[in-house]
Amino acid sequence: MHRLFEWAKKARLVRTVKGRLLPVAKAAPLLADPLMLWHRAFEAVAELGEVLLGVHGGWAPAPSMLYDVYEETLPDVLNTLYSLPEPMPWPRLRDSVHLTYRSAYL
């Protein structure tokens, strides 16, 4: 659930004020326009690296191996997902991600 809230914050749909989650007034028209809402949410995905993969450094648990290559991997994953005329077969998505981070670490 935390990731969903962070995504909504990155998409500027909600904001936190004194520990309370409030809607952003300027985003209200997006709720009536599903395509524009999708565009806003889609653009915000690129900013979710730390939320999805962990914080780099510090005392937190080790981040994902994808942390350093998130910005390069994300477009490839999205292109793979949205370029097919039918639902994405899991092995094809997995192989796309594996190739990206293997090339970065080998």
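On the surface of this predicted model, L35, W38, L81 and Y82 form a nonpolar patch whose members together have about 420 Å² of accessible area. Two helices, α2 (34-44) and α4 (70-82), each supply at least two residues of that patch. The chain as a whole comes to five helices and two strands, which follow one another along the sequence in the pattern α-β-β-α-α-α-α.

**The nonpolar patch and helix α2**

- L35, one of the patch residues, has its place in helix α2 and is exposed, with a relative accessible area of 53%.
- The buried residues of α2 are R40, A41 and A44; they cover an arc of only 95° around the axis and therefore lie on the same side of the helix.
- These buried residues of α2 pack against α1, whereas the face of α2 turned away from the buried side carries the exposed residues L35 and E43.
- E43, which also has its place in α2, counts as exposed at 55% relative accessibility, and its C-alpha atom is separated by 7.4 Å from that of A11, although the two residues are 32 residues apart along the chain.

**Helix α4**

- The 13 residues of α4 should span 18 Å at 1.5 Å a residue, and the end C-alpha atoms of the helix are indeed 18 Å apart, so the expected and modelled spans agree.
- Y70, T73, L74, V77, L78 and T80 are the buried residues of α4; because they cover an arc of only 160° around the axis, they are placed on the same side of the helix.
- The face of α4 turned away from this buried side carries the exposed residues E71, E72, N79 and Y82, and of these Y82 is also a member of the nonpolar patch.
- As background to these helix faces, an α-helix has 3.6 residues a turn, so residues three or four places apart point the same way.

**Salt bridges**

- The structure holds two salt bridges; in general, side chains of opposite charge can pair when their charged atoms come close.
- In one of them the side chains of E6 and K9 meet, at 3.2 Å from N to O; both residues lie in helix α1 (residues 2-10), three residues apart, which is about one turn of the helix.
- The two partners of this pair fall into separate accessibility classes, because E6 has a relative accessible area of 16% and is buried, while K9, with a relative accessible area of 32%, is partly exposed.
- Beyond its neighbours within four places in sequence, E6 is in contact with L48 and V51.
- In the other salt bridge the side chains of D95 and R94 meet, at 3.4 Å from N to O.
- Both partners of that second pair count as partly exposed, D95 at 38% relative accessibility and R94 at 31%.

**Loop residues with positive phi**

- R12 has a positive phi of about 60° although it is not a glycine; its place is in the loop between α1 and β1 (14-17), where R12 is partly exposed, with a relative accessible area of 49%.
- K18, likewise not a glycine, has a positive phi of about 50° and lies in the loop between β1 and β2 (20-23).
- At 83% relative accessibility, K18 counts as exposed, whereas R12 stays in the partly exposed class, for which the upper limit is 50%.

**The chain as a whole**

- Of the 106 residues of the chain, 28% count as buried.
- The chain exposes about 7,900 Å², and carbon and sulfur atoms supply 64% of that area.
- Among contacts in the chain with a separation of 6 or more, residues 24 or more positions apart account for 40%.

Conventions. Residues are numbered from 1 along each chain as its sequence is written. This is a predicted model: local features need pLDDT of at least 70, side-chain atom pairs count only at pLDDT 80 or more; totals for chains, interfaces and linings use all residues. Side-chain values use heavy atoms; hydrogens and water are left out. Patches are made of residues with over 30% relative accessible area and no salt bridge: like charges are joined within 9 Å, nonpolar side chains (Val, Leu, Ile, Met, Phe, Trp, Tyr) within 5 Å. Accessible areas come from the Shrake-Rupley method with a 1.4 Å probe; for residues, only the protein chains shown count as cover. A salt bridge is a side-chain nitrogen of Lys or Arg within 4 Å of a carboxyl oxygen of Asp or Glu. Helices (H or I, at least four residues) and strands (E, at least two) are DSSP runs, numbered from the N terminus. Buried means under 20% relative accessible area, exposed over 50%, partly exposed in between (1.4 Å probe, protein chains only). The expected span of a helix is 1.5 Å times one less than its number of residues. The arc is that of the directions from the helix axis to the C-beta atoms. Contact means heavy atoms within 4.5 Å.
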